[in-house]
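Thank you for making room for me on the agenda today. I would like to walk through one model with you, and I will ask you to keep the sequence and the structure in view while I talk.

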Amino acid sequence: MAWPIAEVARMSGVTARTLRHYDEIGLLPPARIGSNGHRYYEERELLRLQQILVLRALGLGLSEIGRVLAAQVDELEALRGHHRRLLAERDRLDALAGTVSRTITELEQSRKDGRPMTSINRPENLFEGVEPAQYGESLRAFPELAGDIERRTSAMSEAEIEAGHRKRTAQMIRLAELLAAGTPADAVPAQAEIDAQYRALAELRAVSAQEYRAIGRACVDNEQWRAAYETIAPGLAEYQRDAIEAYAATRMS
């Protein structure tokens, strides 16, 4: 049985555009291409796609995945290996969840006592356990940006992804320090941090003032994003949103 690319995209959650890219780089050629030019996939290709998605979830870049798949001989043994890695990844995510849970408990206690929680959590990598393959879900409202990020990270090594995570964490901590110091979101120091964030985003694609404001609002409205900011310091999500709003109003209008 063969499935057209649209059906495979629906079943797997991988966009047709990404599937075509996988074909173009030789990672996942279709079983055949019909007379209508459409790609069709059979069971063997679906199993290979499953392995690709597992390895992406484990943080491997596409070039690394290609080497892994080229070297494997037995599919069953390969899946057992992937399963072991997923169990290890689960343990790492459990540790990350524990950190967030402790922050929630501390924040609830500070609100109960009526005392502001002024301390700032300073992890080296807030996003440990969060892989690029998971960004699509949190960026659902920004499909073009999600696609650009996926294309960028697909060519990155695990070390490069880790460095990016650390850089983003450091940016959030610097902003939290400004919040704790009582610096207004529209003040020069905060706006300098937002400018650096915007320039990094602009390297991926041009972003309008309207889009940037929407990204700022998502820092509060998106549950995953808000949790990440609040892990650093209470109120940081709102501070980031307000700083982006000020930046868009003064520098992008």
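I will go from the confidence and the overall make-up to the sheet, the cores and finally the salt bridges.

Let me say at the outset that this is a predicted model, with a mean pLDDT of 79 for the protein chain and 81% of its residues at 70 or more. The stretch to treat with caution is residues 123-138, where the pLDDT is below 50, although in the model this stretch has 46 contacts beyond near neighbours in sequence. Where pLDDT is low, the predicted coordinates should not be read in detail.

As for the make-up, the protein chain has twelve helices and three strands, and of its 253 residues 40% are buried. Among contacts with a separation of 6 or more, 67% are between residues 24 or more positions apart.

The three strands form an open, antiparallel sheet in the order E1-E3-E2. Strands E1 (3-4) and E2 (32-33) are at the edges, and because each has a single partner strand, one side of each is left without a neighbour in the sheet. E1 is joined to E3, residues 39-41, by two bridges, and Pro4 stands opposite Tyr40 in E3.

Turning to the interior, the largest nonpolar core has 27 residues, and Ile194, Tyr212, Ile232, Leu236 and Tyr239 are those with the most contacts inside it. Helices H8, H9, H10, H11 and H12 each give two or more residues to this core, with H12 giving the most, namely six. There is also a second, separate core of 19 residues, which includes Leu19, Ile52, Leu62 and Ile65.

That leaves the charged pairs, where the count comes to eight salt bridges. Glu193 in helix H9 and Arg174 in helix H8 are 19 residues apart, and their side chains meet at 3.0 Å, N to O; Glu193 counts as buried at 14% relative accessibility, whereas Arg174, at 35%, counts as partly exposed.

Within H9, Arg199 and Asp195 lie four residues apart, about one turn of the helix, and form a salt bridge at 2.8 Å, N to O. Here Arg199 is exposed at 53% relative accessibility, while Asp195 is buried at 13%.

What do Glu238 and Arg226 tie together? Their side chains meet in a salt bridge at 2.5 Å, N to O, and since Glu238 lies in helix H12 and Arg226 in helix H11, the pair ties together parts twelve residues apart in sequence. Finally, Asp195, Arg199 and Arg251 are joined into one network by salt bridges that share partners.

Note on methods. Residues are numbered from 1 along each chain as its sequence is written. This is a predicted model: local features need pLDDT of at least 70, side-chain atom pairs count only at pLDDT 80 or more; totals for chains, interfaces and linings use all residues. Side-chain values use heavy atoms; hydrogens and water are left out. Two strands pair if DSSP finds at least two bridges between them. Buried means under 20% relative accessible area, exposed over 50%, partly exposed in between (1.4 Å probe, protein chains only). Contact means heavy atoms within 4.5 Å. A nonpolar core is a set of buried Ala, Val, Leu, Ile, Met, Phe, Trp, Tyr and Cys residues joined through side-chain atoms within 4.5 Å. pLDDT is the predictor's confidence in each residue, from 0 to 100. A salt bridge is a side-chain nitrogen of Lys or Arg within 4 Å of a carboxyl oxygen of Asp or Glu.
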